[in-house]
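Hi everyone, thanks for making time this morning. I'd like to walk you through one structure, so let me put it up on the screen.

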Amino acid sequence: MFKGKSDLVKFRCSIYEKKLLTIKASSSGLSLSEYIRRAVFDKEITERFSEEHIKLYKMMIKYHNNFKAIGNMYRKRNPKLTESVYALANEIKAHLKKFQS
C-alpha cells in the first residue's frame, strides 16, 4: 500500500525568503518542499553544476591531461621541467577535487 506524504505543513516567510528558498531549491535540482524537508532534517543537499561550471570543469581536465603529457614528453631530456610540470598538473588535480565537493 502507498504510504506517501499526506499531511500538509504551512509556515510564513517573507517574499525575499521564499525567493531565496526557491532559487536554492532549483539550483540543487529539488522541489521547494523537498529542499525544505532536507534542510530541516539536516540531510545532504548537493548543488547541481550549471552549464558554465561543467564547461570550466572539462577545461580544467584538459589542462591537467595536457600538462601530464608535456611532462611525459620531457621526462628523459629535462627532469627539472618534468617535475615542475607534474607539480602544476597535481595542483590542477587538487582544484578539480575541490570543485567536485
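Let's begin with the lining of the largest pocket: α2 supplies the largest share, with five residues. Keep in mind as we go that this is a predicted model. The pocket itself holds about 480 Å³ of space. Altogether 15 residues line the pocket, and those closest to its centre are V9, K10, F11, S33 and I36. Which elements give two or more residues to that lining? They are α1 and α2. As for chemistry, the lining has nine nonpolar residues, five charged ones and one polar one.

Now, how do those two helices sit together? Helix α1 covers residues 15-28 and helix α2 covers residues 32-40, and they pack at about 95° with their axes 9 Å apart. An angle from 65 to 115 degrees counts as roughly perpendicular, so that is the word for α1 and α2. If you'd like to follow the contact on screen, look on the α1 side for L21, T22, K24, A25 and S28, and on the α2 side for L32, Y35 and I36. Sorted by class, this contact has five nonpolar residues, two polar and one charged. You may recognise I36 here: it belongs to the helix contact, and it is also among the residues closest to the pocket centre.

One last stop, please: D42. This residue lies in the loop between α2 and α3, the latter being residues 51-73. D42 is not a glycine, yet its phi is positive, at about 55°. Is D42 buried or exposed? Its relative accessible area is 70%, so D42 is exposed.

That's my tour, and I'm happy to take questions.

How values were computed. Residues numbered from 1 in each chain as written. Predicted model: local features only at pLDDT ≥ 70, side-chain atom pairs only at ≥ 80, totals over all residues. Heavy atoms only, no water. Axes fitted to C-alpha atoms, helices over the stretch in contact; angles between N-to-C directions. Helix = DSSP H or I, 4+ residues; strand = E, 2+ residues; numbered from the N terminus. Parallel < 35°, antiparallel > 145°, perpendicular 65-115°, else oblique. Contact = heavy atoms within 4.5 Å. Nonpolar A, V, L, I, M, F, W, Y, C, P; charged D, E, K, R; others polar. 1 Å grid on protein atoms, 1.4 Å probe; cavity = no way out; pocket = protein on both sides within 12 Å on 5 of 7 lines; lining within 4 Å. Points joined across faces, edges and corners; volume = space filled by probe spheres on them. Buried < 20%, exposed > 50% of the residue type's maximum accessible area, 1.4 Å probe, protein only.
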